[in-house]
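Please find below a short note, set out as numbered points, for a colleague who is opening this entry for the first time. The points follow two neighbouring positions in turn.

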Amino acid sequence: VVRNESPNFHRSQEVLIVAYYAAGTINLDFVENLGAATVAVQNLTAGGQVVELIDTSMGNVVIEINSILTVGDYYMTITTMSGEVYYAEFTLE
C-alpha cells in the first residue's frame, strides 16, 4: 500500500500509485501523472538504498533493487518535485 504523507488532512486520499514486488524489482503504476519524482527504496534489515529519478507520465516504472535484495523489511518513498511524499513499507520473506 502506498500512502500520501500530505499534511493537508482535508485532501482526498485517493490511490494514485499501485506498487508491487516481482523478481528483484519494484513495479510502480501511476494512475495520475505526478511529473518527475525521486524514488528511494531502503533495506532496513541489511542496509543499502536504491535511489532513482523517474518520470511518472510514463504510467509504469520499474525500479531494480537486486543490489540491496535480501529477506527483510523495506521502506520506500516517492517524492515529487512539488514536495508531495508517498511512502510504503513492506517485508520480503
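1. In this predicted model, Asn-33 is placed in the loop that runs between strand S3, residues 25-30, and strand S4, residues 36-43. Leu-34 belongs to the loop between S3 and S4 as well.

2. Is Asn-33 buried, partly exposed or exposed? Its relative accessibility is 49%, and because the partly exposed class reaches up to 50%, Asn-33 counts as partly exposed.

3. Once neighbours within four places in sequence are set aside, the residues in contact with Asn-33 are Thr-56 and Ser-57. With Thr-56, the side chain of Asn-33 makes a side-chain to side-chain polar contact of 3.1 Å. As for Ser-57, its backbone nitrogen lies 3.5 Å from a polar atom of the Asn-33 side chain, and the C-alpha atoms of Asn-33 and Ser-57 are 4.8 Å apart although 24 residues separate them in sequence.

4. Turning to Leu-34, I would ask the reader to consider whether this residue is buried or exposed. Its relative accessible area is 18%, and since buried means under 20%, Leu-34 is classed as buried.

5. Which residues is Leu-34 in contact with, leaving aside its neighbours within four places in sequence? They are Leu-16, Ile-17, Thr-56, Thr-80 and Tyr-86, and Thr-56 is also in contact with Asn-33. A further distance concerns Asp-55, which is 21 residues from Leu-34 along the chain, with 8.1 Å between the C-alpha atoms of Leu-34 and Asp-55.

Key:
Residues are numbered from 1 along each chain as its sequence is written. This is a predicted model: local features need pLDDT of at least 70, side-chain atom pairs count only at pLDDT 80 or more; totals for chains, interfaces and linings use all residues. Side-chain values use heavy atoms; hydrogens and water are left out. Helices (H or I, at least four residues) and strands (E, at least two) are DSSP runs, numbered from the N terminus. Buried means under 20% relative accessible area, exposed over 50%, partly exposed in between (1.4 Å probe, protein chains only). Contact means heavy atoms within 4.5 Å. A polar contact is a pair of N or O atoms within 3.5 Å; within protein, one must be able to donate a hydrogen and the other to accept it, and residues adjacent in sequence count only if both atoms are side-chain atoms.
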